[in-house]
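Colleague: Before I plan anything at the bench, could you take me through this model with me asking and you answering?

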Protein chains: 2
Amino acid sequence: MGSDHTVPPRFEPPRRLLLAPGPSAVNPRVLEAMARPMIGHLDPETMRMLHEIQSMLRDVFRTGNELTFPVSGTGTAGMECALTNVLEPGDVALALVSGAFAERMKEIALRCRAEVHVVGGQWGNPVPEEAVADALATHPTAKAVLAVHAETSTGLRQPLEGIGRLCRERGTLFVVDAVASLGGIPVEVDGWGIDVCYSGSQKCLSVPPGLAPITFSPRAVAARIERGDRPMNSFYLDVLPISRYLGTERLYHHTAPVSMLYGLHEGLRIVLEEGLEARWRRHEEIGAEVLAALEERGFEPFPPSGYRLPEVICVRLPEGVDDRVARKRLLDEFGIEIAGGLGELAGKVWRVGLMGESCTRDSAKALLDAIDLVLAA
Amino acid sequence: MGSDHTVPPRFEPPRRLLLAPGPSAVNPRVLEAMARPMIGHLDPETMRMLHEIQSMLRDVFRTGNELTFPVSGTGTAGMECALTNVLEPGDVALALVSGAFAERMKEIALRCRAEVHVVGGQWGNPVPEEAVADALATHPTAKAVLAVHAETSTGLRQPLEGIGRLCRERGTLFVVDAVASLGGIPVEVDGWGIDVCYSGSQKCLSVPPGLAPITFSPRAVAARIERGDRPMNSFYLDVLPISRYLGTERLYHHTAPVSMLYGLHEGLRIVLEEGLEARWRRHEEIGAEVLAALEERGFEPFPPSGYRLPEVICVRLPEGVDDRVARKRLLDEFGIEIAGGLGELAGKVWRVGLMGESCTRDSAKALLDAIDLVLAA
């Protein structure tokens, strides 16, 4: 029963340089915002803040979509929100697979009882437009194409514009995971014909983890409305009641995570103050510098040239480097967090995140200096 | 496209006295914790904090259940986590209905494609033990009984101990919503034979909204494990991969909302420093005082005597009081938030929350004084 009620001491987080693919460092302005006094989820001022967040998210997603909001959960909740609202039992979905997060999209689509066909399937390799065209020809009734823009598990940047065009020609919904790209590299929801696009607060937006910005095109909303009362997996993530909460009715659906919204509001202000183009340039430049420096040190980029993310660098380890030992030393001796490989890549690659507030030349230098010391000894 | 990138000013929340049934006021110690610097969700120190949270939650839930953790979402995510892990398509569930949140449990059970039978059904009236015994006799294969302990929509306190006994005799899983009771009035997970119990961070625990503490008995875990790979609705809320993240494997499932965990850790320390028994007494006493004062002013308690929650008081409005006008005046002139009725009770009742940090004699006095002024004019 644990009835002795032992109270642990106050938790003091250690100082870390966060260079894994999320969470990234959080600006002190955002941390300060997180500590603001609580107000109610139906307070008129909360609604005003939420509407400002929606408007800023539209700017960041580059969309005019009315239904644009932060899901009350992490990026995986965003993924589940996207798929559960789009896919009905028996729907055909084409999953473009090139890493662990695409596999996760496939897994969740299967839980929606969709009929899922994999296109591509090789971790670290982009899915070519022609393969998608072929798959759409083979499955002309496909309801949705699912793609990961920035595959955090492999550092792969999947081109989207041509696939968006194919989806529009076919009337197929295009669902895109932009968890590790939004706010770091260009994401053009309207320009690329994306119907549902979701992200996470804790990557290039540099807000604490716990919210998943998402946007639905009018076509995607129409598909959800057409579905009506036919059952869908989730109530928590159902965009119909959520849009009634966001709208003028202010109808209670669930208690919005107010403190997280404070943080997102301030974080989006910082993103827009910097400007998206300047922010993209910063990520592109610093990412290229760090990759070049890692190549000099014997690390080999995992994805092919032309398809490498600047903000999540995935490199094969040089001969003789013990993944666990070296990463433990980086953390214990230098307070630097980077990530190892997921699934089949465990022990073989490192993943370095240079996202949002973590994407600075100072952070990059600290990492490279620490790697030099760890690999030398 | 909104490409002008208008950046709204910094958001300054207004000062509010939070006396709706959530969110409740947050202690400055918890607010300070929310602003701590970010660390990674797989950091050994994050795991240590999470294990301390699990241990404190076991104390608060009064359980020895190993699988006890905060769901990364609000109370409704906790509800969905409970039901999606317990109910498979075709399973029979008995839903004890006495208000809006019980209706929501039923709705989510239906989305799990369970066969749901309602017991009770009258808002504001407790479901008698005999009715549950009868329903269990009529549906001997029932997999689960679903009940709301503290029905936020009606202020009803549902007795649970006898129903827990019936469930144990039958081998039926007992799923309990303790969103508005945990940390405010007694909740005895092991003592009452509850198999799955979930709550919300923002009620009597007085932590910002965004986490849903939950606990699963070994019987409930066994039911999930027995289910194996048979599909379930949610991946995000699937306790099998979540327990692998919480365990020694530290296997990534989703990015834990680290700042929210900082807040919950500090909030649970405050709960245990006060002591559960002292905390229950505080809620019981102040709730009784406020209800008596409201009765003196012509408000009538909605649930029958003996079944009234002290921390969520639901009262019918006196003749001639306009719900919307009076609540707007409380908010605009006094900064006090209380809640109106949900669903069929809209315009007819007020709901006053006296939970956690909001449950003080000072807050109660401020509310009663403001009500006197509003009702007089």
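The exchange below goes from the two chains to the domains and then to single residues.

Modeller: This is a predicted model, in which local features need pLDDT of at least 70 and side-chain atom pairs count only at pLDDT 80 or more, while totals for chains, interfaces and linings use all residues. Residues are numbered from 1 along each chain as its sequence is written, and chains are lettered from A in the order in which they are written.

Colleague: What relation holds between chain B and chain A?

Modeller: The copies were superposed by least squares on the C-alpha atoms of residues with pLDDT of at least 70 in both. Chain B can be laid on chain A with an RMSD of 0.0 Å by a turn of 180° and a shift of 0.0 Å along the axis. That relation is the one of a two-fold axis.

Colleague: Which element gives the most to the side of chain B that touches chain A?

Modeller: Counting residues as in contact if their C-beta atoms, placed from the backbone, lie within 7 Å, 74 residues of chain B meet 73 residues of chain A. Helices here are DSSP runs (H or I, at least four residues), numbered from the N terminus, and strands are runs of E of at least two; α1, α2, α3, α4 and α9 of chain B each give two or more residues to this side. The element that gives the most, with nine residues, is α9(B).

Colleague: How far apart do the C-alpha centres of domain 1 and domain 2 of chain A lie?

Modeller: The bounds, which come from an automatic or database domain assignment, place residues 17-22 + 276-376 of chain A in domain 1 and 28-272 in domain 2. The contact takes 25 residues from domain 1 of chain A and 25 residues from domain 2 of chain A. Their C-alpha centres are separated by 27 Å.

Colleague: Is A:K328 buried, exposed or partly exposed, and why?

Modeller: A:K328 lies in helix α11 of chain A, residues 323-334. A residue is buried if 20 or more other C-beta atoms, placed from the backbone, lie within 10 Å of its own, exposed if 12 or fewer, and partly exposed in between. Because A:K328 has 13 C-beta neighbours inside 10 Å, it counts as partly exposed.

Colleague: What separates the C-alpha atoms of A:K328 and A:I338?

Modeller: Along the chain, A:K328 and A:I338 are 10 residues apart. In space, the separation of their C-alpha atoms is 9.7 Å.

Note on methods:
Contact = placed C-beta atoms within 7 Å.
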